[in-house]
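Trainee: Can we go through a few labels together? I'd like to hear the reasoning behind each one.

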Amino acid sequence: MVDEKLKIFTGNANPDLAGEICGYIGMPLGQAEVRRFSDGEINVMIEENVRGADVFVIQPTCYPVNDNLMELLIMIDGLRRASARRITAVTPYYGYARQERKTRGREPISAKLVANLITVAGAHRVVTMDLHAGAIQGFFDLPVDHLPGVPILAQYFLGKQLQNTVVVSPDVGGVPRARNLAERIGAGIAIIDKRRPAPNVAEIMNIVGEVQGKVAILIDDIIDTAGTITQAVGTLLERGVTKIYACCTHPVLSGPAVERLRSAPIEEVVVTNTIPVPEGRLYPGLKVLSVAPLLGEAIIRIHQDLSVSKLFD
């Protein structure tokens, strides 16, 4: 039986995911209203008692990033002022994660700024998935549970019973993620060597690993404009790959992404619902997997002071 002191709230970022998580746990979603004043200011009303409660706020900071981030911060502040015992920010997708280091002079580290904002707002803990850079966990001076999306993707591809597969990382930074998937499905691994002359622009230099005659599974943490993925597809086909699947945890899918993916020779694009995919961007070749059971189990374990890492042993 769920403890009555456990409460889950959500903003407007991904209410469907919050509903799925509550369904998995077997409890109602907390009553809160998020409104806008005529000038765009956000107003949050927590409409039930949270004094002494263990509260989880489910709010990925996806598009519109700044609105969803402000909703998260204001909800945390409201819950803190309402005397919640512990507040956990559940941000399956952590916006600004790609700005986690200085690459040139006078450049901000926005991922650290967001971590500071969440901490100062009053969060006691953060739950997130597949950070663009794992070092972002160190930007917080509070506990961070960093959940991987690879087990969910691996389970799906195991069910497809693909033969002669190779998992391809689109860059050197994604090698640990690709190796994790490869080990789980019993596949080889290859790496694409690329450089970024500008944001959202990638140039492929070389492929490390054997891909000829194989079924390739491209894996990344984010598919944004899909430029990297579609470039990689062309290069892999030139190297003799027979079929290509693509997968990621966070389907940002901004700008021309959907058209690029739809027109590319990809068998299937597999993503999760850390970010909601609007109806207009869904198409037959896009498969959306749910992270609700994973997040629901993590919430239960945190509430009961159990190990979260045991989920992945």
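Mentor: Sure, let's take some residues of this predicted model one at a time.

Trainee: What makes leucine 253 buried?

Mentor: Its relative accessible area is 4%. Buried means under 20%, so leucine 253 qualifies. You'll find leucine 253 in the loop between strand 12 (243-251) and helix 7 (257-263).

Trainee: And why is tyrosine 96 called partly exposed?

Mentor: Here the relative accessible area is 29%. Partly exposed runs between 20% and 50%, so that's the label for tyrosine 96. Tyrosine 96 sits in the loop between strand 5 (86-91) and helix 3 (110-121).

Trainee: What is the phi of tyrosine 96, and why point it out?

Mentor: Phi is positive there, about 70 degrees, and tyrosine 96 is not a glycine. Most residues other than glycine have a negative phi, so a positive one gets a mention. Leucine 253 also has a positive phi, about 50 degrees.

Trainee: Why does aspartate 130 have no salt bridge?

Mentor: The nearest side chain of opposite charge, arginine 177, is 4.4 Å away. A salt bridge needs the charged atoms within 4 Å, so this pair doesn't count as one.

Trainee: How do you know that arginine 177 is still in contact with aspartate 130?

Mentor: Contact means heavy atoms within 4.5 Å, and Arg177 is among the residues that aspartate 130 touches, along with others including His146 and Asp221.

Trainee: What does the side chain of aspartate 130 reach?

Mentor: The backbone nitrogen of glycine 149, at 3.3 Å. A polar contact has to be within 3.5 Å, so that distance fits.

How values were computed:
Residues numbered from 1 in each chain as written. Predicted model: local features only at pLDDT ≥ 70, side-chain atom pairs only at ≥ 80, totals over all residues. Heavy atoms only, no water. Buried < 20%, exposed > 50% of the residue type's maximum accessible area, 1.4 Å probe, protein only. Lys, Arg positive; Asp, Glu negative; His and termini not counted. Polar contact = N/O pair within 3.5 Å; in protein donor to acceptor, adjacent residues only side chain to side chain. Helix = DSSP H or I, 4+ residues; strand = E, 2+ residues; numbered from the N terminus. Lists of a residue's contacts leave out its neighbours within four places in sequence.
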